[in-house]
Amino acid sequence: MLTVRKSSDRGYADHGWLKSFHSFSFAGYYDAEHMGWGNLRVINEDRIAPGTGFGTHGHRDMEIISYVLAGNLAHKDSMGNIKGIPPGDVQRMSAGRGVQHSEFNHAPNDTTHFLQIWIEPNVTGIPPSYEQKAFGDAEKQGVLRLVASPDGAQGSVLIHADARLYSGLFDSAHSAALALDPKRKAYVHVVRGAVSVNGVALSGGDAALLEGEAQVNLDQAQDAEVLFFDLKA
């Protein structure tokens with residue numbers, strides 16, 4: 001079964017310095033029918049205004065992935081990491097038994113546009129940890145490239161969760177297919193452009209929630225960037 005979640009149906013919050021679309025219930029946005037999908041709990045599409053950001057705040061027992069689309073995200077945490085996250089990098093922070101961090105856009109004129117992703121871990125109370133890796137466009141062109149996994153396969157960042165995250169760039173010359181375990185759940189988030197998922201046309205901000213499917217097929221793409229999640233049911 002494939003269910004479409006349209007971009008326009010997402011929650012939205014405008015804090016002035018931050019504009020955010022919520023795929024699932026988050027903060028002041030609550031929708032009992034969209035609390036997550038499998039162990040995927042949050043996908044926020046955030047735009048941070050120049051010279052602003054999230055002050056120091058805490059997390060625990062969550063796998064948090066930052067996927068920057070434009071600009072640069074400045075990260076600082078209680079583990080001593082001070083990093084800049086550009087487009088193409090995948091940053092993973094395992095909050096574990098507790099971590100404090102801040103995220104800022106220090107650019108004077110440019111907006112930072114990124115996806116904030118939370119996945120529920122399969123272990124709790126572990127020491128917090130951090131990892132960041134670059135995945136160039138050439139690695140993702142016309143394929144679903146594994147970028148996060150529970151075993152760090154294929155050079156992906158390691159997450160403490162029963163989930164795998166793939167990223168791909170597709171145009172009209174490309175198609176891709178990935179076999180699925182029908183007993184698991186899957187989620188396709190279209191970052192930008194347009195693409196057909198199992199015959200259903202989607203565009204930027206749209207998502208497909210898959211359950212009981214044996215395969216995902218991506219084709220008929222137009223300048224598309226896609227995230228695909230293989231998830232615990």
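## Pairing of strands

Two strands are taken to pair if DSSP finds at least two bridges between them. Strands of a sheet pair through backbone hydrogen bonds, in either a parallel or an antiparallel sense. The model described here is predicted.

## The four-stranded sheet

Four strands make up an open sheet in the order β5-β10-β7-β8, and their pairing is antiparallel. At the edges stand β5 (52–59) and β8 (82–85), each of which pairs on one side only. From one strand to the next, the twist of this four-stranded sheet averages 20°.

Within this sheet, strand β7 (residues 73–77) and strand β10 (residues 99–105) run antiparallel and are joined by four bridges. Residue H75 has E103 of β10 standing opposite.

## The seven-stranded sheet

A further open sheet is formed by seven strands, arranged in the order β2-β3-β4-β11-β6-β9-β12 with antiparallel pairing. Its edges are occupied by β2 (11–14) and β12 (129–134); each has a single partner strand, so one side of each is left without a neighbour in the sheet. The twist in the seven-stranded sheet averages 15° from one strand to the next.

Strand β4 (residues 40–48) pairs with strand β11 (residues 112–119) in the antiparallel sense, over eight bridges. For D46, the bridge partner in β11 is F114.

Notes. Residues are numbered from 1 along each chain as its sequence is written. This is a predicted model: local features need pLDDT of at least 70, side-chain atom pairs count only at pLDDT 80 or more; totals for chains, interfaces and linings use all residues. Side-chain values use heavy atoms; hydrogens and water are left out. Helices (H or I, at least four residues) and strands (E, at least two) are DSSP runs, numbered from the N terminus. Axes are lines fitted to C-alpha atoms, for helices over the stretch in contact, and angles run from 0 to 180 degrees between N-to-C directions.
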